[in-house]
Amino acid sequence: MASIALVALAKGKLMSELERWEARYAEPGYLFGTEPNAFLKIKAHLLKPGQKALAIADGEGRNGVFLAQQGLDVLSIDISPRGQQKARKLAAARGVSPRFELADLNAWTWPEAEFDVVAAIFFQFALPPERDRIFAGIKKSLKPGGLLLLEGYGPKQLEYKTGGPSDLARLYTRALLEQAFGDFASIAIMEYDAELEEGTRHSGMSALIDLVGRK
């Protein structure tokens, strides 16, 4: 009986997360804009045409489409069918053809050493136990020497309230990222405040933390 209850709870949680994002993406336009995340764009010089890239929690596709525009072979994954409908339209408008897959990051089967690049931009819906599993999946899926580009909000974002979760446990710190990715060949972490203008949901002064890592 206990196992049945746990399965039911897990299904209920999945539907809650799915419904939340489906409701958001049902709104007209692109919630986070159609241009790529500023950090990802700045790091474009690290990308090479022909590389295999994974864009996780890619939503309406702005980052996956940008990676495809740089000549990468992109897999864009997200939990929301509505988000991916918008992503496909954006890709068609930009003349690129990333692959799309519906996926719940908490249940997705991460491939072994498949990707040269993983873009992990603002996927801060996960609580610590889920986040640990996703971080482990990211590490598993990267090839040796593969590149991780990760950006999220730091704790000071609770003061700015210009986007992201209102739960401290979901925010990133340097110590958290160093613990998660400290076994990489190299990592560089930056913490800073900056104005974001990425649609209506990421707008205004923000407390950001970026990680550039090589497995």
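Strands S6 and S7 run antiparallel and are joined by 13 bridges. In this predicted model, they sit at one end of the strand order S3-S2-S1-S4-S5-S7-S6, an open sheet of seven strands with mixed pairing. The largest nonpolar core has 29 residues, and S7 is among the elements that give two or more residues to it.

**The S5, S6 and S7 side of the sheet**

- Within the S6–S7 pair, Glu197 has Ser203 of S7 as its bridge partner.
- S7 also pairs with S5, in the antiparallel sense and over seven bridges.
- In that second pairing, Leu147 stands opposite Arg214 of S7.
- S7 is mostly covered, with ten of its 13 residues buried.
- Helix H7 lies across S5, S6 and S7, and its direction makes an angle of about 135° with S6.

**The parallel pairings**

- S1 (residues 52–55) pairs with S2 in the parallel sense over four bridges, and here Leu54 stands opposite Leu75 of S2.
- Between S1 and S2 the chain passes through helix H3 (residues 62–69), giving a right-handed β-α-β crossover.
- S1 and S4 run parallel and are joined by three bridges, with Ala55 opposite Ala119 of S4.
- S2 and S3 likewise run parallel, joined by four bridges.
- Asp78 has Leu102 of S3 as its bridge partner.

**Sheet order and edges**

- Which strands stand at the edges of the sheet? They are S3 (99–102) and S6 (186–198); each has a single partner strand, so one side of each is left without a neighbour in the sheet.
- On average, neighbouring strands of this sheet are turned by 20° against each other, direction ignored.

**Helix H3 and the residue after it**

- H3 is mostly covered, since seven of its eight residues are buried.
- The buried residues of H3 are Arg62, Asn63, Gly64, Val65, Phe66, Leu67 and Ala68.
- Gly71, just after H3, takes a positive phi of about 90°.

**Nonpolar cores**

- In soluble globular proteins, nonpolar side chains tend to be buried together.
- Within the largest nonpolar core, of 29 residues, the members that touch the most others are Ile56, Phe123, Phe135, Ile138, Leu148, Leu150 and Leu177.
- Two or more residues each come from strand S2 (73–78), strand S4 (115–121), helix H5 (128–141), strand S5 (142–153), helix H7 (174–181) and strand S7 (202–214).
- Which of these elements gives the most to this core? H7 does, with four residues.
- Apart from this core lies another, of 28 residues, including Val96, Phe100, Phe122 and Leu149.
- Leu150 belongs to the largest core; neighbours within four places in sequence aside, Leu150 is in contact with Phe39, Ala120, Phe123, Phe135, Tyr172, Leu177, Phe181, Ile209, Asp210 and Leu211.

**Glu198, a buried acidic residue in S6**

- Glu198 is placed in strand S6.
- Is Glu198 buried or exposed? Its relative accessibility is 6%, and buried means under 20%, so Glu198 counts as buried.
- The side chain of Glu198 makes a polar contact with the side chain of Asn37 at 3.4 Å.
- The side chain of Glu198 also reaches the backbone nitrogen of Ala38, at 2.9 Å.
- Not counting residues up to four places away in sequence, Glu198 touches Leu31, Phe32, Gly33, Pro36, Asn37, Ala38, Arg62 and Phe122.
- Two residues in that list of contacts appear elsewhere above: Arg62 is one of the buried residues of H3, and Phe122 is a member of the 28-residue core.

**Gly182, between H7 and S6**

- Gly182 is found in the loop that runs between H7 and S6.
- With a relative accessibility of 49%, Gly182 counts as partly exposed, because exposed means over 50%.
- Gly182 and Gly213 are 31 residues apart in sequence, and their C-alpha atoms are 9.2 Å apart in space.
- Leaving aside neighbours within four places in sequence, Gly182 is in contact with Leu177 and Ile187.
- Leu177 is also one of the residues that touch the most other members of the largest core, and it is among the contacts of Leu150.

Conventions
Residues are numbered from 1 along each chain as its sequence is written. This is a predicted model: local features need pLDDT of at least 70, side-chain atom pairs count only at pLDDT 80 or more; totals for chains, interfaces and linings use all residues. Side-chain values use heavy atoms; hydrogens and water are left out. A nonpolar core is a set of buried Ala, Val, Leu, Ile, Met, Phe, Trp, Tyr and Cys residues joined through side-chain atoms within 4.5 Å. Buried means under 20% relative accessible area, exposed over 50%, partly exposed in between (1.4 Å probe, protein chains only). Contact means heavy atoms within 4.5 Å. Two strands pair if DSSP finds at least two bridges between them. A crossover is right-handed if, with the strands pointing away from the viewer, the path from the first strand over the helix to the second runs clockwise. Axes are lines fitted to C-alpha atoms, for helices over the stretch in contact, and angles run from 0 to 180 degrees between N-to-C directions. A polar contact is a pair of N or O atoms within 3.5 Å; within protein, one must be able to donate a hydrogen and the other to accept it, and residues adjacent in sequence count only if both atoms are side-chain atoms.
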